[in-house]
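Biologist: Hello! I am new to this structure and would love a close look at one part of it. Could you take me through its salt bridges?

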Amino acid sequence: MLTYGLLTSTKDPVPLRSGSVALLLRGFVADVACELSYRNEEAEPVEAVFVFPLDAEAAVYAFQACLGGTCVEAQLHERREAREMYEDALAGGHTSFLLEEAGAGGDVFSCTLGNLPPGVEAALTLRYVCELPREPDGAARFVLPIVLRPRYAPQGWVGEDVIQGLPRAPPGELPYTLSLSATLESPHGVERVVSNCPLTSLSYPGGDRSSAQVSLAEQPPWDRDVELLVYYAEPHKPSVVLEAGLPGAEPGSLMGDPAVMVTLMPNLLEATAAGEFIFLLDRSGSMDSTMDARADSPTRIDCAKETLILLLKSLPLGCYFNIYGFGSEFESFYPRSVEYTQKTMSKSLKRVRRLRADLGGTEILEPLGAIYRSPCRDGHPRQLFVFTDGEVCNTREVIAEVQRHQGSCRCFSFGIGEGASTALIKGIAQAGGGSAEFITGQDRMQPKALQSLKRALQLAVTCIALSWDLPPGMEAVLLGPAPKVIFAVHRCLIYAQLRGQPPPPGTAVGGVTLQYCIREQSYKETLAFPLQPQAGDRLPVHRLAAKALLLDLEEAMSAGAKGAWSRALEASLSSGVVCSLTAYVGVDTARGQPVQGPLVRRDVPVAATTHHAFHHLGRRRLVGCSQVMRNLQHLVVTRYWHFSELERLPKSSLCFRLPQKCLSWLHCIPERLRGHLQCRGSESSDPEVPPEPVPQKERAAEESPLLRLVSLQNADGSWDLGPLLAAALGVSKTDARGRKPSEDVAPSVWATVLAVVWLHGRATGQRNEWELLEVKAVAWVRDQAGPWLSECLEAANALLGCSVDPAIFGL
């Protein structure tokens with residue numbers, strides 16, 4: 001019997017053998033079936049527990065098990081009742097299984113299989129549907145989470161953290177495998193699929209491009225999520241999907257009536273220079289991790305710093321800004337937001353370059369409170385940008401804090417790395433009327449952040465009103481909250497239940513109109529759709545509509561709204577969509593004999609990451625002060641070092657000697673473990689103090705050619721002519737000065753034209769990252785160049801070997 005490198009004292013085998021995923025993508029909706037195959041190879045019955053993440057907005061709607069050829073369909077019950085049924089089944093010797101939300105975030109689920117007899121195989125299948133985000137280039141993005149990381153628990157937190165104690169296995173030694181196959185459908189055509197894992201060739205079994213199939217070509221790495229980017233023809237078109245209700249369900253009920261999903265995109269909106277922009281950056285130890293498993297991958301903190309530089313350069317003159325960093329504590333660049341000028345921009349850029357992931361844990365609630373307590377600037381709407389790897393336990397408290405201030409502050413959030421909590425990232429964006437982005441693997445953070453800044457620079461859509469054009473006797477009832485804010489090029493999804501008597505087939509058309517205002521300008525989007533609903537057995541629109549309603553009701557429950565609990569329970573039970581109040585439970589009563597023997601629990605392990613490299617660190621004696629203290633603080637305070645794992649190590653194998661003055665933070669270590677630590681007198685008395693570590697990739701940001709040029713731009717959009725600019729442009733100092741078309745041309749005008757031409761000629765693929773700062777540059781140069789602009793452009797094209805169109809400068 002095989003054993004694996006689990007981080008447990010007994011290294012017991014785990015019965016999970018494989019996972020397979022069947023995926024159906026219809027436009028921007030995914031219907032997913034995950035099958036988990038188990039086999040108990042032990043001499044005793046086991047209870048296998050598998051904890052896994054899902055999108056916080058995913059609707060889990062079905063669960064079944066096949067045990068030795070017998071299939072048992074799980075039923076959804078009130079959560080306490082489901083647990084009692086599960087425990088009663090185990091006590092009676094029956095095989096049983098349970099699926100429920102785990103933890104407080106709503107984006108982690110626990111799948112438990114109990115009393116699996118020796119030698120018996122079981123296949124558990126769960127189904128869920130979820131919306132797919134649209135990337136800036138129009139792609140639909142599906143992510144299958146593979147990596148589980150423990151959520152950071154703030155000091156004093158007493159809530160549930162179900163994945164904190166899960167065993168870890170080296171990624172190459174996990175005792176189970178994964179396969180994935182996908183069917184892609186779109187009436188406009190499927191053009192291509194891109195993935196971070198090897199795929200088979202895209203095939204079109206129907207002969208046209210409306211349906212395609214693809215699958216994983218090999219076992220994916222365990223150090224990353226599996227991502228699919230699906231490119232459809234005409235992805236920007238608004239649409240309406242009408243779905244028939246569940247056959248046999250009572251008319252007038254959530255599942256008995258047709259459900260409609262409306263996708264709308266407002267017209268392009270004008271930009272505004274006014275605003276207060278606050279950037280809240282996670283500086284916990286986890287941000288020192290790399291973006292992916294590549295040896296040359298940048299750290300999360302380095303990517304965030306480069307993004308901050310581009311954001312600062314892209315802000316308009318006349319706005320206000322501030323930068324906060326948080327961990328176990330927080331700090332801000334300024335006591336209150338300052339005006340964006342050349343002086344404040346230059347001062348802030350210097351501080352950004354010195355930022356480190358050195359503030360301990362991930363406690364975001366306190367800095368949020370400090371930001372909200374700071375008075376807003378009149379005439380400058382506040383925009384908050386939150387960058388974090390999003391791993392906290394008090395997710396709902398954080399979301400509630402953002403929700404309380406949604407009227408005065410819009411919030412944009414960015415989840416960094418594979419372990420980011422979708423409940424946190426999406427929750428604060430939705431509560432704050434902003435948008436959420438996720439940056440994983442080899443994604444670049446910069447274009448997504450700049451895309452959000454473009455939205456923030458646009459006035460919020462207000463006076464939103466929905467109206468429906470339906471035949472007499474029919475009405476549309478919204479499921480979930482009505483939209484409060486919509487951004488340009490941002491998708492708005494609306495779910496509704498169509499009540500009343502449907503018209504005869506082929507005789508009627510319905511319509512929906514979205515009206516909104518920007519200042520005193522009115523806009524309107526109208527869509528017509530046939531009132532003939534699509535039939536099917538999976539009902540993805542109904543499930544997603546139910547999930548939207550449940551999320552809204554759970555927020556109302558946390559606010560103490562009367563009747564929200566009973567409405568949420570009824571909606572969950574009738575739709576089959578599991579929520580915090582319900583759980584799926586199944587019992588195999590077909591076996592004639594109860595299972596005999598003591599029940600042994602087996603937690604299915606997840607892949608260990610580089611964060612758990614402390615085991616290599618812990619097997620040698622370390623001495624010194626600053627380096628050791630940083631290592632311990634980084635590993636323990638930032639949640640990577642689980643105390644339960646530390647406790648299993650021999651006391652003699654892990655001994656740290658620290659000066660007394662460095663132990664003020666050790667209150668966070670349980671007293672029973674402090675014997676692993678020894679204190680010595682003074683730093684100077686120990687000859688073995690190691691040198692200070694060199695910060696990883698200290699100047700990584702400056703190595704980017706684009707960033708070298710952008711870093712030289714002034715706050716008003718201009719560049720100064722000098723040797724640093726010449727080096728960034730890749731030309732000699734002599735040519736940079738000598739090729740200026742006339743002595744009458746100001747050096748800064750010539751320098752700015754050169755920079756803009758370089759951006760268009762040498763950094764076209766990164767346009768999303770420099771588009772906003774180029775707008776400032778072109779506006780400035782048009783105002784300053786006078787009659788020499790055409791000559792400057794011609795000379796700049798010749799010097800840099802480019803052919804930039806004069807229309808770029810409005811010529």
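To begin with, is Arg-26 buried, partly exposed or exposed, and why?

Modeller: Happy to help! Please keep in mind that this is a predicted model. Arg-26 counts as partly exposed because its relative accessibility is 47%, and the cut-offs for that class are 20% and 50%.

Now for the partner. The side chain of Arg-26 meets that of Glu-185 in a salt bridge, with 2.9 Å from N to O. This pair links distant parts of the chain: Arg-26 sits in strand E1 (residues 16-26) and Glu-185 in strand E12 (residues 177-185), 159 residues apart. Glu-185 is partly exposed too, since its relative accessible area is 26%.

As a general rule, side chains of opposite charge can pair when their charged atoms come close. In this model, the count comes to 17 salt bridges.

Another of them joins the side chains of Glu-121 and Arg-39, at 3.3 Å from N to O. Here strand E9, which holds Glu-121, is linked with strand E2 (residues 29-39), which holds Arg-39, and the two residues are 82 apart along the chain. With a relative accessible area of 48%, Glu-121 is partly exposed, and Arg-39, at 30%, is partly exposed as well.

A further salt bridge is found between Asp-358 and Arg-283, whose closest N and O atoms are 2.8 Å apart. Asp-358 lies in the loop between helix H3 (342-353) and helix H4 (365-373), while Arg-283 lies in the loop between strand E18 (276-282) and helix H2 (300-314), so the pair ties together parts 75 residues apart in sequence. Asp-358 is partly exposed, with a relative accessible area of 47%, whereas Arg-283 counts as buried because its relative accessibility is 5%.

Salt bridges can also form a network, as they do among Arg-79, Arg-83 and Glu-100.

To set these pairs in the whole chain, picture 811 residues, 57% of them buried, with 18 helices and 34 strands. Among contacts between residues at least 6 apart in sequence, 74% join residues at least 24 apart.

Finally, here is a charged feature of another kind. Glu-81, Glu-84, Glu-87 and Asp-88 form a negative surface patch. Glu-84 belongs to helix H1 (residues 79-91), and its 45% relative accessibility makes it partly exposed.

Notes: Residues are numbered from 1 along each chain as its sequence is written. This is a predicted model: local features need pLDDT of at least 70, side-chain atom pairs count only at pLDDT 80 or more; totals for chains, interfaces and linings use all residues. Side-chain values use heavy atoms; hydrogens and water are left out. Patches are made of residues with over 30% relative accessible area and no salt bridge: like charges are joined within 9 Å, nonpolar side chains (Val, Leu, Ile, Met, Phe, Trp, Tyr) within 5 Å. Accessible areas come from the Shrake-Rupley method with a 1.4 Å probe; for residues, only the protein chains shown count as cover. A salt bridge is a side-chain nitrogen of Lys or Arg within 4 Å of a carboxyl oxygen of Asp or Glu. Lys and Arg count as positive and Asp and Glu as negative; His and the chain ends are not counted. The place of a charge is taken as NZ of Lys, CZ of Arg, CG of Asp or CD of Glu. Helices (H or I, at least four residues) and strands (E, at least two) are DSSP runs, numbered from the N terminus. Buried means under 20% relative accessible area, exposed over 50%, partly exposed in between (1.4 Å probe, protein chains only). Contact means heavy atoms within 4.5 Å.
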